[in-house]
Amino acid sequence: MKKLFIIALIALTPLMAQVKGKIEVPYIAFPIKMGKGFDAVQANCLMCHSFGYIINQGRQSRKFWRGKIEKMIVHFKAPISDKDAKIIEDYLTEHYGNGK
Amino acid sequence: MKRRDFFKTAALTAGAAALGTSDLSAGETKQPIDNRKISDVAFPEKRPLITYSDRPPLLETPREVFTSALTPNDQFFVRWHMPDIPQYIDEKSFTINVNGMVKNVLKITLDQLKNDYEQVEVTAVLQCGGNSRSAFNPTAGGIQWGNGAMGCAHWKGVRLRDILDRAGLKKGAEWLAVSGSEKAAYYETPNFVRELHLDELDDHVIIAYQMNGEDLPYLNGFPVRLVIPGVYSDSWIKMLSNITVTDKYKHLFFMDHAYRVPDNDCECETPEKPFPKTKPIYRMNVKSLIGYPVNGGKLTHKSHTVVRGVAWDGGAGIREVQISLDGGKTWDKAELDDGSQGRYAYRTFRYSFKPMKLGKMSIMAKAINKLGEEQPFAKDVKWNHGGYKFNGIDEVKVEVV
């Protein structure tokens, strides 16, 4: 019982305020839309950022989403293939587009 | 149930979502989105806040916190750029490295920082350049922040000037490249490095290790961060670990492409006609926010009501805050605090009145700084592609019952 208690304490340590042990940032499951192309989004985008980063950009044009994917490839060096880039662009435009 | 699973379940509806855009006519700036839910999940050393992303962490402070001059550490907003933040910092071995065009390369430990240099304090507002971005229409690029990508804290640390003096700048030194300990997922991704011109540094720029009398919260940059009073927070590097002195500006992604506005008088453009030349967002413009009451709140008919909030600017200081209860037709002066926190801090305001009419009403706040600059109506704030520097007159709508 005592042993269990100690284990429980260790497990809780990272969550206690003002403790400079190892911190753990919680995982949040953002409500991203499922649909055609989602696998490519999951495989490429999630390496660097959460789905929250996508859905909290607000509704945007195809041009905007294409620009963002290009930025990830050109400036942030994300290894996204041309084929996946197009699939992701279509997915984002369909589910997070503004009709333009 | 594993912890990760628990978070999945708990957080499924916790994420803020900016979808559901305005029905206003295209191009008219509106009030920023203000009805986002506070997450069910708390991040380390934080109370639950409005949560846009966990990786990198992006947390917003809710409006009701902005009635006080200092923003509590556990409610202070959080914004990182890279997904990999060190999960542990060893206070004994952590150093701030100063190198490049210096006579003495320095590796300053936290002990040295706290003991070998003059200790100074400053109260200053830390505001993201994209704070209130969701006001822009059409939707500007970037996280659709509400009003709470900001806070004001009392910082303690050491003047950057004093550290550079100790290092001794070589002739021709002009720029500082400053970076922290966050890392990208891919080795090739450019690090988040900011460049500061030596002329931009005054004695108020400090490397801070304390925030409101405590160690910096981990997510606000423990153990040290740069504090640049009056200036938007993009260069307030967190977990500051390296300063390289150079003679030339290096064309880095985060300098040349991020945190910039059109380099024209109105700092504006249209989506169809982007302005080709840009400049850094730099000094904060004059702005205010009502912390009480909040949108959708209820006031009791004929009761003694006190509107409270904060006002700030880029360091000129706040001269006046005015309140309008008739949609901006007439304005009345609010009371200001004594300003003892200094010109970089929030100036709190209060305005007493009795709501005499039942039903819906609007409360607006407008700040004017000591240069005579005042906030425009939200609809008159001009668009820019990054959605930076929104400073429209704040408005909350309440119901008198």
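1. In this predicted model, Ser352(B) is in contact with His304(B), Thr305(B) and Val306(B), leaving aside its neighbours within four places in sequence. The residue belongs to strand E22 of chain B, which covers residues 347–353. Between the C-alpha atoms of Ser352(B) and Val306(B) the separation is 4.4 Å, although their positions lie 46 residues apart along the chain. Ser352(B) counts as partly exposed because its relative accessibility is 35%, a value that is neither under 20% nor over 50%.

2. Strand E24 of chain B (residues 394–400) is mostly covered, with five of its seven residues buried. Strand E17 (residues 298–299) of chain B runs parallel to E24(B) and is joined to it by two bridges. Within this pairing, Val400(B) of E24(B) stands opposite Leu299(B). Strand E23 (residues 359–369) of chain B is joined to E24(B) by seven bridges, and these two strands run antiparallel. Here Lys397(B) in E24(B) is the bridge partner of Ser362(B).

3. Strand E7 of chain B (residues 150–159) is likewise described as mostly covered: eight of its 10 residues are buried. Its pairing with strand E6 (residues 120–127) of chain B is antiparallel and extends over eight bridges. One of the positions to inspect is Trp155(B) in E7(B), the bridge partner of Val122(B). E7(B) also pairs with strand E10 (residues 206–211) of chain B, in the antiparallel sense and over five bridges. In that pairing, Val158(B) has Ile207(B) of E10(B) as its bridge partner.

4. Over all chains, the count of salt bridges comes to 19. One of them joins the side chains of Asp34(B) and Arg63(B), with an N to O distance of 3.1 Å. This pair links distant parts of the chain, 29 residues apart: Asp34(B) is in the loop between helix H1 (3–11) and strand E1 (50–54) of chain B, while Arg63(B) is in the loop between strand E2 (57–60) and strand E3 (78–79) of chain B. Asp34(B) is partly exposed, at 28% relative accessibility. Arg63(B) counts as buried because its relative accessibility is 7%, and the cut-off for buried is under 20%.

5. A salt bridge also forms between the side chains of Arg47(B) and Asp74(B), at 3.1 Å from N to O. Arg47(B) lies in the loop between H1 and E1 of chain B and Asp74(B) in the loop between E2 and E3 of chain B, so this pair ties together parts that are 27 residues apart in sequence. Arg47(B) is partly exposed at 41% relative accessibility, and Asp74(B) is partly exposed at 25%.

6. Glu320(B) and Lys333(B) meet through their side chains in a salt bridge of 3.9 Å, N to O. Because Glu320(B) lies in strand E19 (residues 318–324) of chain B and Lys333(B) in strand E20 (residues 332–333) of chain B, the pair ties together parts 13 residues apart in sequence. Glu320(B) counts as buried, at 16% relative accessibility, whereas Lys333(B) counts as exposed, at 55%.

7. In chain A, a network of salt bridges links Arg62(A), Arg66(A), Lys86(A), Glu89(A) and Asp90(A).

8. Confidence in chain A requires comment. The mean pLDDT of chain A is 84, and 80% of its residues reach 70 or more. Among its elements, helix H5 (residues 82–96) of chain A has the highest mean pLDDT, 97, and helix H1 (residues 2–12) of chain A the lowest, 43. The pLDDT is below 50 over residues 1–17 of chain A, a stretch with six contacts in the model beyond near neighbours in sequence. Where pLDDT is low, the predicted coordinates should not be read in detail.

Key
Residues are numbered from 1 along each chain as its sequence is written. Chains are lettered from A and ligands numbered from 1 in the order in which they are written. Side-chain values use heavy atoms; hydrogens and water are left out. pLDDT is the predictor's confidence in each residue, from 0 to 100. Helices (H or I, at least four residues) and strands (E, at least two) are DSSP runs, numbered from the N terminus. Contact means heavy atoms within 4.5 Å. Buried means under 20% relative accessible area, exposed over 50%, partly exposed in between (1.4 Å probe, protein chains only). Two strands pair if DSSP finds at least two bridges between them. A salt bridge is a side-chain nitrogen of Lys or Arg within 4 Å of a carboxyl oxygen of Asp or Glu.
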